[in-house]
Amino acid sequence: MEWDFLLVFLPACFALNMAFGPNNLLATTNAARVGPLKAIIASSGRIAAFTPMIAIAGVGLGTLLTTSMWFFIVVKWAGALYLAWLGLKLLMSKPQSAIIEGGQPQSMRSLIRQEFLVAAGNPKAILIFTAFLPQFVVPEHYALSFTITGALFLVMEVVAIAIYAVLGSKIGRYLRNGKAMQWFNRVSGALMVVFSIGLLAMKRPAG
């Protein structure tokens with residue numbers, strides 16, 4: 001890849017990484033509840049979901065989302081329903097459930113699974129990989145350049161996760177009492193429900 005392409009790709013890609021969406025909201029919320037380190041580790045679930053999405057886009061199967069109405073609808077509804085379920089759980093949480101849920105600390109496996117499912121259930125992600133990454137691929141070295149751009153996307157995604165996790169942890173310092181954290185949960189839950197509605201409003205791209 002040429003340097004002039006990277007100078008365009010890196011800032012444009014990082015802007016996508018930093019966009020405030022369901023996963024970044026989840027990382028912020030988790031960091032406020034369980035701390036930034038656990039939130040960053042939990043986000044490995046997001047990377048685990050994005051990696052095969054990038055591979056799928058790289059081999060051209062990402063066009064399924066633009067050519068198959070039913071595939072797009074299934075992914076969209078599954079993602080929206082799961083996101084709405086997470087949001088409703090936060091909305092209905094009790095004051096002390098910010099850190100303790102059901103009397104037991106939320107496991108790391110559960111946090112990782114949440115990140116994975118939210119990422120995997122968002123068709124917008126693979127559409128980004130299908131439409132954005134190929135713009136910076138060198139046709140003569142397609143596989144290698146797509147791999148490089150995909151890897152760079154994931155690296156910058158981790159940086160964005162860390163930024164949101166630090167932000168969430170700073171917010172969490174001011175929410176030590178149960179009542180304040182309950183209101184934070186309600187705001188986060190409401191935003192997740194809004195994002196779920198946004199997913200349902202997504203239309204399959206023409207093509």
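**Close-up 1. Helices α4 and α9 run roughly antiparallel to each other.** In this predicted model, helix α4 covers residues 44–58, and its axis lies 10 Å from that of α9. The two helices pack at an angle of about 155°; angles over 145 degrees count as roughly antiparallel, and therefore the pair earns that description. The crossing of α4 and α9 is right-handed.

**Close-up 2. The residues that join α4 to α9.** Let's look at the side of each helix in turn. From α4, the contact takes in Arg46, Ile47, Phe50, Thr51, Ile54, Ala57 and Gly58. From α9 come Tyr142, Phe146, Gly150, Phe153, Leu154, Glu157, Val158 and Ile161. Sorted by class, the contact of α4 with α9 holds 10 nonpolar, three polar and two charged residues.

**Close-up 3. Helices α2 and α9 cross obliquely.** Here α9, which spans residues 142–173, meets helix α2, made of residues 22–34. Their axes come within 7 Å and cross at roughly 40°, so α2 and α9 are oblique to each other. This crossing of α2 and α9 is right-handed.

**Close-up 4. The residues where α2 meets α9.** On the α2 side you will find Asn24, Ala27, Thr28, Ala31 and Ala32. Facing them in the contact are Tyr164, Ala165, Gly168, Ser169, Ile171 and Gly172 of α9. The contact of α2 with α9 divides into six nonpolar and five polar residues, with no charged ones.

Terms used
Residues are numbered from 1 along each chain as its sequence is written. This is a predicted model: local features need pLDDT of at least 70, side-chain atom pairs count only at pLDDT 80 or more; totals for chains, interfaces and linings use all residues. Side-chain values use heavy atoms; hydrogens and water are left out. Axes are lines fitted to C-alpha atoms, for helices over the stretch in contact, and angles run from 0 to 180 degrees between N-to-C directions. Helices (H or I, at least four residues) and strands (E, at least two) are DSSP runs, numbered from the N terminus. Angles under 35 degrees count as roughly parallel, over 145 as roughly antiparallel, 65 to 115 as roughly perpendicular and the rest as oblique. A crossing is left-handed if the near helix is turned anticlockwise from the far one by less than a right angle, and right-handed if clockwise. Contact means heavy atoms within 4.5 Å. Ala, Val, Leu, Ile, Met, Phe, Trp, Tyr, Cys and Pro count as nonpolar, Asp, Glu, Lys and Arg as charged, and the others, Gly among them, as polar.
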